[in-house]
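Got your viewer open? Load the structure, keep the selection box handy, and let's walk through it stop by stop.

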Amino acid sequence: MTALVSHLKLLEAESIHIFREAAAQFRSPVLLYSIGKDSTVLLHLARKAFWPAKPPFPLLHVDTTWKFRDMIAFRDKTARDFGLDLIVHTNHEGLARNINPFDHPPSVYTDVMKTVALRQALDAGGFDAAFGGARRDEEASRAKERVFSFRSAGHRWEPRRQRPEMWQLLNGRLGKGETVRVFPLSNWTEGDVWRYIQQEKLDVVPLYFAAERPVVVRDGQLIVVDDERMRFEPGEKPEMRKVRFRTLGCWPLTAAIESDATTLDAVVEETLAAKVSERAGRLIDHDQAGAMEMKKREGYF
Amino acid sequence: MQVAALQEAISSAPFAAPASQAAGMVKLLTCGSVDDGKSTLIGRLLWDAAGVTEDQRAAIALASHNRAVNGEKIDFSLLLDGLQAEREQGITIDIAWRYFETGDRRFVIIDSPGHEQYTRNMATGASHADIAILLVDARYGPKRQTRRHAAICDLVGIKKVILAVNKMDLVDWSEARYRAIEAEFAALAGSFGFTEIRTIPVAALTGDNVAYRSARMPWYAGPTLLDYLETVDPKAIAADAPFRMPVQLVLRASGDFRGYAGTITSGRVKVGDRIVDARSGLGATLKRIATMGGDRPSAGTGDAVTLVLDTDLDISRGAVLSEQARRPINADVIEARLVWLSEAPFDPESGYLLRTATDLTPVTSMSVSALVDFETLAASPAHACAMNDIADCRILLGRATALDLFRDLPLTGNFILVSAIDGATVAGGVITWAQSGAPEVGDKVFVLNRELLANGLCSDLGDSPADLAEFNRRAQEVASLLRSIGVPVLVEI
């Protein structure tokens, strides 16, 4: 048998192909940059796709104001280092209503500060396409996603109205009022993302590596206290534990895991041996059955 | 857990496969109806090959218990039917993508719906696959839809198929039954372009011959499903295929950098090679293969690269860069076989665009000549087609575009049809014949017109839709025969 090409190389080429198809077909794309490991890979692939030119689109970060401080610092450094335009958008209306992850259920908080905020930012920028780092291996409704995921007016996802995608051919012709979410990492898994970060020697947010951090245990989940806004339950007191994150979101809603993985190699090893799926640490997905499908229908990416 | 007990009943003696050095990716299509146990087979493969995490296992076990469709057993199909509507109806509507790996090999499972009303979804899924698993129930053997699935796999270019004869437990693990099905399928598959057909007896519910070797079918000496998947070579494109790179976009950067970005769809290219733009016929020499990781001396099929030429060809997106000797066809008339995907049927008055690798060309006129009958696999004359139909058609383009025949080079020989009105993808197809530039009338061209045919060959035909379709079919047939002996023909009917 002839030697086959490494699957990371195939995935990289496929993602570059997708970036170029979208850049060629859409008028005004934007890259949804959420600072995490998937965004790190997404941005690296975008830089490769258009090199030696810069990616022909800005980065957009939807800031809920509840991101870890390390994430914000990493975001600003990344945009500066690569000389990229960064748009930061916050739903100020939600902020004025004091929508926050302590007083509101995760579904309400996520809808206002993430989904609505994203729609506001896309409408304000007049973007017809938005690159996202979603992967089909993340969750059941994502397993059915297209690479070019069409959204009708109001950014709604209609599973039954998605366009068939045959072979390598990606059809970017928009109907009236339609916009598109583009997912270049569709066929990547969590393990691929880490192996690629390792192979390409990419910088990631330090929160992915194990360190002593102040933690409270709530409903069996490890919640890292990032600033003075934390509200403690009676009797709760933060203790120092060696933890890291598999996935990064808003800090009181993203649980950490106990880990000794302080290097990239150790993180990759731990990820490939993991016995629970990565979204187990995302509290917003457990709110109700089919939670992700509901959120996507409402315009979450 | 009950599953563990089931596994113990199965010997885990490994199949003596050759040691595989293979890495890479295998894209696997699964087809068959719910009744054949398709989702159960794939769920079983994921479960046993360790692609399922503990929290997912717990969720599936809980959901299985709630639905109790399987008694107290684990319902493996729950691993696949992701959308709420699908869970409620218990069927697979859309394609689901699943990933798992064993050793060095990555598997992508493309799970497609079996029902006939979802033929379009199946064709869509199949177009991404290297290998297809066709599932049949050992009690019934190949069915009408097995034939249909094989036809669709063949249409979209799948070269290797696995016939999984499932539910062997329900036929008492009978070798005779298995051999009869194997022979029946071999006869059926002979009419397709498959290069490799592997038949495997399995029982998805118990896991026999899926990931673990069955102790209950000692007469079977071949590989288990997983063994076979881990050793099969998925590549379909020949190593010596001609070089093609459809241009996705032109990249410009400081220092007068101008490069053509694209993915090489076939062949290899190296610095110093002579490259031509098929549409204009202009040539240049390849100066650099630029990537962010540094310049490369050569590149091959599947590589996403940026090519810098020594002279500017003034080309843009839609051009196909090719080697000098074996070039694409610069066609403005094509014949194709397609699957109709849109809920709106084909309408000759509606505007369509032909999307090839990276080009988008207006369709001047299009006609359907035949529909493929799934029962007989024969093409019968027709002039209309609707959702889920497989049709033969003829398309006249508003201008010439560079393309290949699908059987030679699939990635420059496939296309989708796009609605000019709302941008929807209405059909996907493969190019079976293409003409390089329509001949001009008067230039030794034979004009095959309506009068000529009505007076002779078609004098027995009337005005009914069936007769008109037959008229059209005969006209195209005559044109093909004349063209095959080198006579340029213009059909004007």
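The tour starts with chain A and then moves on to chain B.

One thing before you click: this is a predicted model, so treat every number below as computed from predicted atoms.

**Chain A, the whole view**

Select chain A and colour by secondary structure. You should find eight helices and eleven strands. Of its 301 residues, 51% are buried. Now think about contacts between residues with a separation of 6 or more: 77% of those in chain A come from residues 24 or more positions apart.

**Stop 1: a cis peptide bond**

Select Trp51(A) and Pro52(A) and show the backbone as sticks. The peptide bond from Trp51(A) to Pro52(A) is cis, and its omega is near 5 degrees. To place Pro52(A), look at the loop between helix H2 (37-50) and strand E2 (59-62) of chain A. Keep H2(A) in mind, since the tour comes back to it.

**Stop 2: where H2 meets H6**

Now select residues 37-50 together with 190-200, which gives you helix H2 and helix H6 of chain A. What do you need to describe such a pair? Two packed helices are described by the angle between their axes and the distance between the axes. Here the axes of H2(A) and H6(A) come within 10 Å and cross at roughly 55 degrees. An angle between 35 and 65 degrees falls in the oblique class, so H2(A) and H6(A) are oblique to each other. The crossing of H2(A) and H6(A) is left-handed.

Turn on side chains for the residues that make the contact. From H2(A), pick Lys37(A), Asp38(A), Thr40(A), Val41(A) and His44(A). From H6(A), pick Val193(A), Tyr196(A), Ile197(A) and Glu200(A). Colour this contact by residue type and you get four nonpolar, two polar and three charged residues.

**Stop 3: a distance to draw**

Leave Glu200(A) selected and add Ala124(A), which sits in helix H5 of chain A. Draw a line between the two C-alpha atoms: they are separated by 35 Å, with the residues 76 apart along the chain. Is Ala124(A) buried or exposed? The cut-off for exposed is 12 or fewer C-beta neighbours; Ala124(A) has 11 inside 10 Å, so it counts as exposed.

**Stop 4: two positive phi angles**

Next, select Asn98(A). Although Asn98(A) is not a glycine, its phi is positive, at about 55 degrees. You'll find Asn98(A) in the loop between helix H4 (92-96) and helix H5 (106-125) of chain A. Asn98(A) has 8 other C-beta atoms within 10 Å, so it is exposed.

Then jump to Trp167(A), another residue other than glycine with a positive phi, this one near 50 degrees. Trp167(A) lies in the loop between strand E6 (156-157) and strand E7 (179-182) of chain A. With 19 other C-beta atoms within 10 Å, Trp167(A) is partly exposed; the cut-off for buried is 20 or more.

**Chain B, the whole view**

Hide chain A and bring up chain B. There are eleven helices and 24 strands here, and 46% of the 493 residues count as buried. For contacts in chain B between residues at least 6 apart in sequence, 71% join residues at least 24 apart.

**Stop 5: a seven-stranded sheet**

Which strands make up the open sheet in chain B, and in what order? Reading across, you get E7-E15-E11-E12-E14-E9-E8, with antiparallel pairing. The edges are strand E7 (244-246) and strand E8 (249-253) of chain B, and each pairs on one side only. Ignoring direction, neighbouring strands of this sheet are turned by 40 degrees against each other on average.

Zoom in on the E8 edge. E8(B) is joined by five bridges to strand E9 (residues 257-263) of chain B, and the two run antiparallel. Pick Leu251(B) and look across to E9(B): Gly259(B) stands opposite.

**Stop 6: E18 and its partners**

Finally, select strand E18 (residues 360-372) of chain B. Start with strand E17 (residues 352-355), which pairs antiparallel with E18(B) over three bridges. A hairpin of four residues joins E17(B) to E18(B), and Leu354(B) has Thr361(B) in E18(B) as its bridge partner.

Next comes strand E20 (residues 390-403) of chain B, paired antiparallel with E18(B) over seven bridges. Find Ser365(B) there, with Leu396(B) of E20(B) opposite.

For the last click, show strand E19 (residues 379-381) of chain B, which pairs with E18(B) in the antiparallel sense over three bridges. Leu371(B) has Ser380(B) in E19(B) as its bridge partner.

Definitions and conventions. Residues numbered from 1 in each chain as written. Chains lettered and ligands numbered in written order. Predicted model: local features only at pLDDT ≥ 70, side-chain atom pairs only at ≥ 80, totals over all residues. Axes fitted to C-alpha atoms, helices over the stretch in contact; angles between N-to-C directions. Parallel < 35°, antiparallel > 145°, perpendicular 65-115°, else oblique. Left-handed = near helix turned anticlockwise from the far one by under 90°. Contact = placed C-beta atoms within 7 Å. Nonpolar A, V, L, I, M, F, W, Y, C, P; charged D, E, K, R; others polar. Pairing = 2+ DSSP bridges.
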